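I sat down with this one to look up a few things and keep notes as I went. Here is what I pulled up.

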Amino acid sequence: MRPAARIAILIAVVVALVITLASCAGPDAAQSPGYVSGDGTVTVLADQGDPLELAGTSFAGEAVDVADFRGQVVLVNTWYASCPPCRAEAPDLVALDARDDVQLIGVNGRDDAPTVEAFDRTFGVEFPSIDDADGAATAALQGVVAMNAVPTTLVLDPDGRLYARIVGRADPSTLSALIEDALAEAA
């Protein structure tokens, strides 16, 4: 193949790639803020398997382990402060965390402690978030269930087993129903 033909093919591939990538972005940065969000798809898992093992250190420097909350439904929520759906669902998660039979645990691998603290103050968050800057918590979850988007919320039954996954913003009524179902199955 001639060098001119190779260059023409290379240019065609680059142009096609640029057009493809440009078509994925919104017309302005506000519509394409650099995150991948799900559509709220709920997956209830028939075979829950062993209790989920997930532990780390909170942004306050305290140990966080899902095993410490056996007997409650645990919601594990991946999030970061500038994620629009994460901000939208925060008040609903705070309300659910107020229940005696529910514990929330966040997993955040993007923000630093001051950013997380500001988010917590803004939304009244009192539940811990694991500082996942090293990606260990996400890697542990990825080995159990696909973590396709932020936010993703995992529902663990009172025995610590994975009951359901919501990819994207979690609707509060859906979360409440999943919590009740997980409690009923454990009873």
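My entries follow, from the overall layout down to single residues.

**Overall layout**

I noted at the start that this is a predicted model. I counted 5 helices and 8 strands in the protein. Reading along the sequence, I wrote the pattern down as α-β-β-β-β-α-β-α-β-α-β-β-α. The protein has 187 residues, and buried ones make up 37% of them. I also looked up how far along the chain the contacts reach. Among contacts with a separation of 6 or more, 70% are between residues 24 or more positions apart.

**The cores**

Which residues touch the most other members of the largest nonpolar core? I got V73, L75, L104, V155, L175 and I179, out of 27 residues in that core. I then checked which elements feed this core: β4 (73–78), α2, β5, α3, β8 (162–167) and α5 (172–186) each supply at least two residues. The most comes from α5, with 5 residues.

I picked L75 for a closer look. Leaving aside residues up to four places away in sequence, L75 touches L96, V102, Q103, L104, I105, T153, L154, V155, L175 and I179. There is also a second, separate core of 17 residues, and L52, V74, A137 and M147 are among its members. I jotted down the general background too: in soluble globular proteins, nonpolar side chains tend to be buried together.

**Helix α3**

Next I went to α3, which covers residues 113–123. Its buried residues are V116, F119 and D120. They span an arc of only 100° around the axis, so they sit on the same side of α3. The general rule behind my check was that an α-helix has 3.6 residues a turn, so residues three or four places apart point the same way. Turning to the other side of α3, I found P114, R121 and T122 exposed.

What do the buried residues of α3 pack against? My note says α2 (84–97) and β5 (102–108). After α3 comes G124, with a positive phi near 70°. I added a reminder that most residues other than glycine have a negative phi.

**Aromatic rings**

I searched the whole structure for aromatic pairs and got 2. One of them is F119 with F123, a tilted pair with 4.7 Å centre to centre and 45° between the planes. Both residues lie in α3, 4 residues apart, about one turn of the helix. F119 has a relative accessible area of 6%, so I filed F119 as buried. W79 joins in as well: W79, F119 and F123 form one aromatic cluster.

**Y80 and its surroundings**

Then I looked at Y80, in the loop between β4 and α2. Is Y80 buried or exposed? Its relative accessibility is 5%, so Y80 counts as buried. R110 lies over the face of Y80, at 4.0 Å from the ring centre. I also took a C-alpha distance from Y80 to N108: the two are 28 residues apart along the chain, and I read 5.6 Å.

**The disulfide**

How many disulfides does the structure hold? I found 1. The disulfide joins C83 to C86, with S to S at 2.4 Å. Both cysteines, C83 and C86, are buried. I looked up the handedness too: the torsion about the S-S bond of C83 and C86 is about 75°, so this disulfide is right-handed.

**A cis peptide**

I checked the peptide bonds with the general point in mind that most peptide bonds are trans. The bond joining V150 and P151 is cis, with omega about 0°. I placed P151 in the loop between α4 (136–142) and β7 (152–156).

**Last stop, E180**

My final lookup was E180, which lies in helix α5. Its relative accessible area is 40%, so E180 goes down as partly exposed. I finished with the C-alpha distance from E180 to D101, which came out at 9.8 Å for two residues 79 apart along the chain.

Definitions and conventions. Residues are numbered from 1 along each chain as its sequence is written. This is a predicted model: local features need pLDDT of at least 70, side-chain atom pairs count only at pLDDT 80 or more; totals for chains, interfaces and linings use all residues. Side-chain values use heavy atoms; hydrogens and water are left out. Buried means under 20% relative accessible area, exposed over 50%, partly exposed in between (1.4 Å probe, protein chains only). The arc is that of the directions from the helix axis to the C-beta atoms. Contact means heavy atoms within 4.5 Å. Rings of Phe, Tyr and Trp (its six-membered ring) pair if their centres lie within 6.5 Å; planes under 30 degrees apart count as stacked, over 60 as edge-to-face and the rest as tilted. A charge sits over a ring if NZ of Lys or CZ of Arg is within 6 Å of the ring centre and within 35 degrees of the ring normal. A disulfide is a pair of cysteine sulfur atoms within 2.5 Å. A nonpolar core is a set of buried Ala, Val, Leu, Ile, Met, Phe, Trp, Tyr and Cys residues joined through side-chain atoms within 4.5 Å.
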